[in-house]
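Okay everyone, grab a coffee and find a seat. I'd like to walk you through how the helices in this one pack together.

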Amino acid sequence: MKIKEKLQSIGNSWIFLIVVLIFYLILLVVDFSLFQSCLEFFYKIFISIFPIFVLVFILMAVTNYFITPEFILKHTREKGIKKWFFIIVGGILSTGPIYMWYPLLADLKNKGLSYGLIACFLYNRAVKIPLIPLMIFYFSIQYVVVLSLVMIFVSVIQGVLINKLMEVKK
Amino acid sequence: MKQDKYKMKNKIEKNFKQAVLKAGKMFWKTLPLIFGTILLVSLLITLIPKTFYFKVFTQNFFSDSFIGSLIGSISAGNPLTSYILGGELLEQGVGLIAVTAFLVAWVTVGVVQLPAESMILGRRFAIWRNILSFVFAIVVAILTVLILGVFQ
């Protein structure tokens with residue numbers, strides 16, 4: 001029980017890191033040259049993406065400052081196409097883990113927000129502004145622009161489809 | 001008037017400090033994940049021969065995007081991990097279509113969160129949303145690569 005509690009207090013991401021480090025430790029004992037190659041590869045990736053993380057941190061702070069659940073709630077009261085627009089923007093700008101947003105979405109659903117709009121919001125959470133620098137680093141700016149636009153377009157289609165599928169039940 | 005301005009300034013400063021602190025906390029939480037992911041990616045890429053990727057991903061539009069979407073759907077975690085993993089897979093020669101489907105499914109399909117989503121937003125909604133997200137990950141991957149092909 002005590003070990004379980006201790007593990008819970010450590011957090012999943014630390015446990016993940018510890019498990020990976022154990023693998024490295026095993027590799028160090030079993031095959032030193034392979035261990036060295038892995039570390040060289042790690043160093044190469046880490047050095048190349050480290051500066052990107054500084055930018056990611058700044059963008060995270062900026063989005064945290066401007067975007068709150070209250071901000072999103074305020075703008076979902078719009079009507080018609082404007083509502084879709086604000087849902088898309090809200091989804092893109094929303095930060096933090098998804099479960100943080102479930103209570104707000106459930107509340108909005110009770111207040112009359114359609115299932116389609118909720119699906120659209122959730123889909124657009126996939127477009128992560130603070131992580132864009134990292135995406136550009138790996139995939140190029142053209143790729144990020146095209147992928148984001150296609151995803152926004154598909155989010156609306158998914159929203160419309162979800163509305164239709166949920167209507168069928170009624 | 002002057003007091004109002006002072007109050008406003010204080011509020012902005014407080015909110016900004018909170019935003020930076022929140023970002024700092026989020027970053028601190030993801031730090032072991034970043035290190036762990038880079039270490040794991042380095043390990044896998046060094047251990048797995050390139051020929052393995054070419055066996056799984058055959059440069060076929062549909063099968064590659066399907067496999068990419070499938071792997072992305074059952075994976076969970078910070079999108080940051082998927083970008084690092086996807087980017088390195090691309091470097092190893094895996095096609096852009098498979099990597100795109102993988103990235104999109106990772107963030108749009110939530111198999112792990114399905115129980116919570118079902119409980120709060122309804123089972124029917126959660127199941128349909130996840131099925132559609134899986135299919136759309138394939139559609140988005142094909143469309144993105146086709147559009148990029150047109151402009152290049």
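Let's start with a puzzle: does α1(B) pass α4(B) in a left-handed or a right-handed crossing? Before I answer, some housekeeping. This is a predicted model, where local features need pLDDT of at least 70 and side-chain atom pairs count only at pLDDT 80 or more, while totals for chains, interfaces and linings use all residues. Residues are numbered from 1 along each chain as its sequence is written, chains are lettered from A and ligands numbered from 1 in the order written, and side-chain values use heavy atoms, with hydrogens and water left out.

So, the puzzle: the crossing of α1(B) and α4(B) is right-handed. Right-handed is when the near helix is turned clockwise from the far one by less than a right angle, and left-handed is when it is turned anticlockwise. Helices here are DSSP runs of H or I with at least four residues, numbered from the N terminus. The axes of α1(B) and helix α4 (residues 79-91) of chain B come within 10 Å and cross at roughly 25 degrees. Axes are lines fitted to C-alpha atoms over the stretch in contact, and angles run from 0 to 180 degrees between N-to-C directions. That angle makes the two helices roughly parallel, a label for angles under 35 degrees. Contact, meaning heavy atoms within 4.5 Å, involves residues including B:Leu33, B:Ile38 and B:Val41 of α1(B) and B:Leu80 and B:Ile84 of α4(B). The contact residues split into eight nonpolar, two polar and one charged. Nonpolar covers Ala, Val, Leu, Ile, Met, Phe, Trp, Tyr, Cys and Pro; charged covers Asp, Glu, Lys and Arg; the others, Gly among them, are polar.

Now across the chains. Helix α2 (residues 12-30) of chain A and helix α1 (residues 2-47) of chain B have axes that come within 8 Å and cross at roughly 30 degrees. That makes this pair roughly parallel too, and α2(A) passes α1(B) in a left-handed crossing. Among the residues in contact are A:Trp14 and A:Phe23 of α2(A), and B:Trp28 and B:Leu39 of α1(B). Here the count is 15 nonpolar, four polar and one charged.

Remember α4(B)? Helix α8 (residues 132-139) of chain A comes within 9 Å of α4(B), axis to axis, crossing at roughly 5 degrees. Over there, A:Leu134, A:Met135, A:Tyr138 and A:Phe139 meet residues including B:Tyr83 and B:Ile84.

Zooming out, the contact takes 62 residues from chain B and 59 residues from chain A. The buried area (accessible area, 1.4 Å probe, lost on putting two parts together, summed over both) is about 5,800 Å² between the chains, and carbon and sulfur atoms give 82% of that. B:Leu39, B:Tyr83 and B:Leu121 supply 12% of what chain B buries against chain A, more than any other three residues.

Last one: how many salt bridges lie between chain B and chain A? Zero. A salt bridge needs a side-chain nitrogen of Lys or Arg within 4 Å of a carboxyl oxygen of Asp or Glu. Over all chains there is one: B:Glu117 pairs with B:Arg129, with the closest N and O atoms 2.6 Å apart.

Notes:
Parallel < 35°, antiparallel > 145°, perpendicular 65-115°, else oblique.
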